[in-house]
Amino acid sequence: MKNFYLLLIVLFLMVVTNTYAQDDSEMTSYKKKNSFLIGANYAINGWGDQIAVLYRNEYIRDFNKYFSGGIGVGFFNYSYSYILPFTLNYMVHEKSSIIPFDFFAYLKVIDFDKHFFRIGVGYSLMKLDYLEPDVTKTYYDELGNSVLLTTYKTTNILSSSIGIHVEYGFRFLPHWGTSVSGRYYSEGNSVSLSHAGLNLSYFF
């Protein structure tokens, strides 16, 4: 996955630094009605306490020259282990998994043959799975040595959010393009997710 994320960065830098002028009359239009996007995003859940990479896929369909709609899914997985305060080496674990199912409408503010800028608003249904420490108690074994034991609390719920989206993209081939985007979701049940990153799109 790290190599995939690095590939997206290299692709984006290549197309930005090697953009050159071409005669549009000699080229087939780069604009297509459909696109499929894959992306890797720096994502934050909560107030900066859970940070991980969110991978997402999205199918986008143009309705006309101004509006389009998209359906997508993302995957956010966070895992963290830490030593419990006031102990020498007793470690507890925290995990979370968020899968947002997104339905977005987009307004194309700029849509040239190669460059585009769009903003969007949408609805997201999120599946949340949390594992977090609950209560840690001290017990004593037969020799009188103290032993710490932690019980964990699990949360498996569905949450809904309203999201806003901003994206700038560049079509570097008739069927391929790259973009940078940011998305923020309103706070729902136990989740406040936002992410920004790089995307690779196939246009057809």
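Strands are DSSP runs of E at least two residues long, numbered from the N terminus. With that in hand, a tour of this predicted model can begin, and strand S5 is a good starting place, since aspartate 134 is found there.

Aspartate 134 counts as partly exposed because its relative accessible area is 48%, and partly exposed residues lie between the 20% and 50% cut-offs. Its contacts, leaving aside residues up to four places away in sequence, are Thr150, Thr151, Tyr152 and Lys153. For lysine 153, the C-alpha atom lies 5.5 Å from that of aspartate 134, although the two residues are 19 places apart in the sequence.

Next comes the interior. The largest nonpolar core has 12 residues: Ala43, Ala52, Leu54, Phe76, Tyr78, Ile98, Met126, Leu128, Tyr130, Tyr185, Val191 and Leu193. At least two residues of this core come from each of strand S2 (50-62), S3 and S5. The largest share, 3 residues, is supplied by S5.

Two alanines of this core show how such residues meet their neighbours. Alanine 43 belongs to strand S1 (residues 34-45). With a relative accessible area of 0%, alanine 43 is buried. Not counting residues up to four places away in sequence, alanine 43 touches Gln50, Ile51, Ala52, Leu54, Phe76, Leu193, Ser194 and His195. A separation of 9.4 Å lies between the C-alpha atoms of alanine 43 and arginine 183, which are 140 residues apart along the chain. Alanine 52 has its own set of contacts, counted with residues up to four places away in sequence left out: Asn41, Tyr42, Ala43, Phe76, Asn77 and Tyr78.

The surface offers a nonpolar feature too. Ile71, Phe101, Phe103, Val121, Tyr123, Leu125, Leu158, Ile162, Ile164 and Tyr184 form a nonpolar surface patch, and together they have about 950 Å² of accessible area. Strand S4 (91-111), strand S5 (115-140) and strand S6 (146-173) each contribute at least two residues to this patch. One member of the patch, Ile71, sits in strand S3 (residues 67-83). Isoleucine 71 has a relative accessible area of 53% and is therefore classed as exposed, a label for values over 50%.

Aromatic rings complete the picture. A pair of aromatic rings is described by the distance of the centres and the angle of the planes. The count for this model comes to 6 aromatic pairs. One of them joins tyrosine 59 and phenylalanine 204, a tilted pair with 6.5 Å from centre to centre and 35 degrees between the planes. This pair links distant parts of the chain, as tyrosine 59 is in strand S2 and phenylalanine 204 is in the segment after strand S8 (193-203), 145 residues apart. Tyrosine 59 is partly exposed, at a relative accessible area of 34%, and phenylalanine 204 is partly exposed as well, at 41%.

Another pair is formed by tyrosine 80 and tyrosine 82, with centres 5.5 Å apart and planes at 25 degrees. This pair counts as stacked because its planes are under 30 degrees apart. Tyrosine 80 is partly exposed at 40% relative accessibility, while tyrosine 82 is partly exposed with a relative accessible area of 24%. Finally, Tyr59 and Phe204 appear again in one aromatic cluster, together with Trp176 and Tyr202.

Definitions and conventions: Residues are numbered from 1 along each chain as its sequence is written. This is a predicted model: local features need pLDDT of at least 70, side-chain atom pairs count only at pLDDT 80 or more; totals for chains, interfaces and linings use all residues. Side-chain values use heavy atoms; hydrogens and water are left out. Patches are made of residues with over 30% relative accessible area and no salt bridge: like charges are joined within 9 Å, nonpolar side chains (Val, Leu, Ile, Met, Phe, Trp, Tyr) within 5 Å. Accessible areas come from the Shrake-Rupley method with a 1.4 Å probe; for residues, only the protein chains shown count as cover. A salt bridge is a side-chain nitrogen of Lys or Arg within 4 Å of a carboxyl oxygen of Asp or Glu. Helices (H or I, at least four residues) and strands (E, at least two) are DSSP runs, numbered from the N terminus. Buried means under 20% relative accessible area, exposed over 50%, partly exposed in between (1.4 Å probe, protein chains only). A nonpolar core is a set of buried Ala, Val, Leu, Ile, Met, Phe, Trp, Tyr and Cys residues joined through side-chain atoms within 4.5 Å. Contact means heavy atoms within 4.5 Å. Rings of Phe, Tyr and Trp (its six-membered ring) pair if their centres lie within 6.5 Å; planes under 30 degrees apart count as stacked, over 60 as edge-to-face and the rest as tilted.
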